[in-house]
Amino acid sequence: MIFINLISSVDCYELRNKVLWPHKKFNQCYIDMDNHPDSFHLGAFCEDRLVSIGSFLKQENKLFNNQLQYRLRSMATDYNFRNIGSATKLIKKSFEILKKKKIEILWCDARLIAVDFYKKNGFKISSNIFEIPIIGPHYVMKKLF
């Protein structure tokens, strides 16, 4: 059974390091806005094990005119727990939280391997492809509420 909970930013470090940023040291797996009062982090748990994470930051992108924006960063799922629905449950829980906050748009920089996942969850590509050094090619994607 999969359940979703709010977690701390530090709880995200292990999966960020393992899945997203193996080139960094564990203690470098923070995001500058991790502990901002408007930021929140969600974790998907399978039998008490943290298997998926996502960080949600109140951050604007000038590509969008919407005033109330949040950014999804560092969404990751443990390689051993892929395709069990944990990331989908996590993203849907974030939609509930963001709608209660009256947020108009959720956006992210999506790695190419994640584009189909985001499309299945209502996101649309909003930019040309661009490169993030060391990490690889991305698109900006958005989800409107």
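**Backbone outliers, fold and principal pocket of the predicted model**

S74 lies in strand β4. In this predicted model, the residue has a positive phi, near 50°, although S74 is not a glycine. Most residues other than glycine have a negative phi. S74 is also buried, its relative accessible area being 10%. A second non-glycine residue with a positive phi is I134, for which the angle is near 75°. I134 belongs to the loop that connects β7 (130-132) and β8 (136-144). With a relative accessibility of 72%, I134 is classed as exposed, whereas S74 is classed as buried. K102, located just after α2, likewise adopts a positive phi, of about 65°.

The secondary structure of the protein consists of three helices and eight strands. Along the sequence these elements are arranged in the order β-α-β-β-β-α-β-α-β-β-β. The C-alpha trace extends over about 40 × 35 × 30 Å along its principal axes. For 145 residues, a compact globule would be expected to have a radius of gyration near 15 Å; the value computed for the protein is 14 Å, and the two therefore agree. Of the 145 residues, 47% are buried.

Helix α2 was examined for its length and its burial pattern. The helix comprises 15 residues, for which a rise of 1.5 Å a residue predicts a span of 21 Å; the C-alpha atoms at its two ends are 22 Å apart, in agreement with that expectation. The buried positions of α2 are S86, A87, L90, I91, S94, F95, I97 and L98. In an α-helix, which has 3.6 residues a turn, residues separated by three or four places point the same way. Among the buried residues of α2 are S86, L90, S94 and I97. Helix α2 (86-100) also contributes at least two residues to the lining of the largest pocket.

The largest pocket has a volume of about 910 Å³. Its lining is made up of 34 residues, of which L20, M75, A76, A114 and Y118 are the closest to the pocket centre. Besides α2, the elements that each provide at least two lining residues are α1 (9-20), β4 (69-77), β5 (105-111) and α3 (115-120). The greatest contribution comes from β4, which supplies seven residues. Strand β4 is also the element in which S74 is placed. By residue class, the lining contains 19 nonpolar, eight polar and seven charged residues.

The cysteines were considered next. No disulfides are found in a search of the whole structure; the count is zero. C12 takes part in no such bond, and the cysteine sulfur nearest to that of C12, belonging to C29, is 10 Å away. For C108, the closest cysteine sulfur is that of C12, at 16 Å, and this distance is too far for a bond. A disulfide would require the two sulfur atoms to be within 2.5 Å. C12 has a relative accessibility of 0% and is therefore counted as buried. C108 is likewise buried, at 0% relative accessibility.

How values were computed. Residues are numbered from 1 along each chain as its sequence is written. This is a predicted model: local features need pLDDT of at least 70, side-chain atom pairs count only at pLDDT 80 or more; totals for chains, interfaces and linings use all residues. Side-chain values use heavy atoms; hydrogens and water are left out. On a 1 Å grid over the protein atoms alone, a cavity is a set of points where a 1.4 Å probe fits but cannot get out, and a pocket is an open set with protein on both sides within 12 Å along at least five of seven lines; lining residues have an atom within 4 Å of a point. Grid points are joined across faces, edges and corners, and a volume is the space filled by probe spheres set on the points. Helices (H or I, at least four residues) and strands (E, at least two) are DSSP runs, numbered from the N terminus. Ala, Val, Leu, Ile, Met, Phe, Trp, Tyr, Cys and Pro count as nonpolar, Asp, Glu, Lys and Arg as charged, and the others, Gly among them, as polar. Buried means under 20% relative accessible area, exposed over 50%, partly exposed in between (1.4 Å probe, protein chains only). The expected span of a helix is 1.5 Å times one less than its number of residues. The radius of gyration is taken over C-alpha atoms; the globule rule is 2.2 Å times the number of residues to the power 0.38.
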